[in-house]
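Me: I'm new to reading protein structures, and I'd like a close look at a single part of this one. Could you start with any empty space inside, and then walk me outwards from there?

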Amino acid sequence: RAERLALGAGEVTAFVHGPTLRAYQRDVGFGHPEIGALVGRALADALVHAHSAGVIHRDLKPENVLVSTGPRPSVKLADFGIARIIASDERLTMTGALVGSPHHMAPEILEGKETDARSDLFSLGTLLYWLATGKLPFAAPNPTAILRRALQGDYEDPRAADAHVPDALAELIRRCLSVEPADRPGSAAEVRDTLDRLLAECGLDDPPKELLAFLRDPAAYKAAFPGRAVG
């Protein structure tokens, strides 16, 4: 799949051989919340780089994440087509249009308020929830109901959705999904570092290396993980 990454005035087109994260979750799956957190950690790291370049993605969702299945498999955040340049009025989308997925949009975007990097952290929180539980936090029968739940911060505790979710991961998700941006983590780096600590607690001391091992042989990695975590 080819993706256009629009970053300011420059454009880079790269071909990524592999499925979207949505398709990968459906066909392969992660098996354990901590393995899902490895993917979330890679996305947090991608946001660190984007935000440091002054770019807010504004449309994080499983369909905009690609799983490369090449010689060195990886997870790539793609489709910066509606990204916004921080501290600029330039919008790379239709002015006045509500663009994005209702399942993943931050409340301030839904209300037409000013957005910043913390809006991406809310969307990342919805992805962390989905990666850990297999469910979307604000799922509802129609878009209006989805948006209402997001605006109200109405979602099931991830530990109730899946009892295997560690307390530390549930707390990080709760902070990311805060309705008020000020209550969310201060940066993508803080999210990444928090994930590093909780992954280290279950023996995953080198997340990039662990993610690579998982992507190379998902079935074997998932089968071996419980014993490693208990150890």
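What follows is a tour that begins with an enclosed space and then moves to other parts of the chain.

Reply: Happy to! Please keep in mind that this is a predicted model, so every value below is computed from it.

Let's set the scene. The protein chain has 231 residues, and 49% of them are buried. Ten helices and six strands make up its regular elements. Of the contacts with a separation of 6 or more, 66% join residues that are 24 or more positions apart. On the outside, the accessible surface comes to about 10,600 Å², with carbon and sulfur atoms providing 52% of that area.

Now for the empty space. Rolling a probe the size of a water molecule over the atoms reveals where space has been left empty. In this structure there is one cavity of 30 Å³ or more. The largest cavity has a volume of about 40 Å³. Its lining is made by Arg58, Asp59, Leu60, Ser101, His104, Met105, Ile109 and Ser123.

Two of these lining residues deserve a closer look. Arg58 sits in the loop between strand 3 (55-56) and strand 4 (65-68). Is Arg58 buried or exposed? Arg58 has a relative accessible area of 13%, so it counts as buried, because the limit for that label is under 20%. The backbone of Arg58 is worth a glance too. Most residues other than glycine have a negative phi. Arg58, however, has a positive phi, near 75°.

Ser101 belongs to another loop, the one between strand 6 (84-85) and helix 3. Ser101 is buried as well, with a relative accessible area of 13%. Which residues does Ser101 touch, leaving aside its neighbours within four places in sequence? They are Asp59 and Lys61. Asp59 also appears in the lining of the cavity.

From the cavity we can move to the largest pocket, whose volume is about 480 Å³. There are 23 residues in its lining, and those nearest its centre are Ala42, Asp45, Ala46, Ser74 and Val75. Strand 1 (2-7), helix 2 (33-52), strand 5 (74-77) and helix 9 (207-216) are the elements that each give two or more residues to that lining. Helix 2 contributes the largest share, seven residues.

Helix 2 leads us on to helix 7, which covers residues 167-176. The buried residues of helix 7 are Leu169, Ala170, Leu172, Ile173 and Cys176. Why do they line one face of the helix? Seen down the axis of helix 7, they fall within an arc of 160°, so they share one face. These residues pack against helix 2, helix 4 (117-133), helix 6 (158-161) and helix 8.

In the loop between helix 6 and helix 7 you'll find Val165. Val165 is buried, with a relative accessible area of 4%. Beyond its neighbours within four places in sequence, Val165 is in contact with Pro33, Ala132, Thr133, Pro158, Arg159 and Ala170. Val165 and Glu34 are 131 residues apart along the chain, yet their C-alpha atoms are separated by 7.8 Å.

Helix 5 (residues 143-152) gives you another helix to read in this way. Its buried residues are Ala145, Ile146 and Ala150. They fall within an arc of 135° when seen down the axis, so they line one face of helix 5. Helix 3 (107-110) is included in what covers these buried residues. The face turned away from the buried side carries the exposed residues Thr144 and Gln152. You can look at both ends of helix 5, too. At the N-terminal end, Asn142 acts as a cap, with a side-chain oxygen 3.2 Å from the backbone nitrogen of Thr144. Just after the helix, Gly153 takes a positive phi of about 65°.

Our last stop is Gly203, found in the loop between helix 8 (188-200) and helix 9. Gly203 is partly exposed, with a relative accessible area of 34%. Its contacts, leaving aside neighbours within four places in sequence, are Glu210 and Arg228. Gly203 and Val230 are 27 residues apart in sequence, and in space their C-alpha atoms are 8.9 Å apart.

Note on methods:
Residues are numbered from 1 along each chain as its sequence is written. This is a predicted model: local features need pLDDT of at least 70, side-chain atom pairs count only at pLDDT 80 or more; totals for chains, interfaces and linings use all residues. Side-chain values use heavy atoms; hydrogens and water are left out. Helices (H or I, at least four residues) and strands (E, at least two) are DSSP runs, numbered from the N terminus. Buried means under 20% relative accessible area, exposed over 50%, partly exposed in between (1.4 Å probe, protein chains only). Contact means heavy atoms within 4.5 Å. Accessible areas come from the Shrake-Rupley method with a 1.4 Å probe; for residues, only the protein chains shown count as cover. The arc is that of the directions from the helix axis to the C-beta atoms. A polar contact is a pair of N or O atoms within 3.5 Å; within protein, one must be able to donate a hydrogen and the other to accept it, and residues adjacent in sequence count only if both atoms are side-chain atoms. On a 1 Å grid over the protein atoms alone, a cavity is a set of points where a 1.4 Å probe fits but cannot get out, and a pocket is an open set with protein on both sides within 12 Å along at least five of seven lines; lining residues have an atom within 4 Å of a point. Grid points are joined across faces, edges and corners, and a volume is the space filled by probe spheres set on the points.
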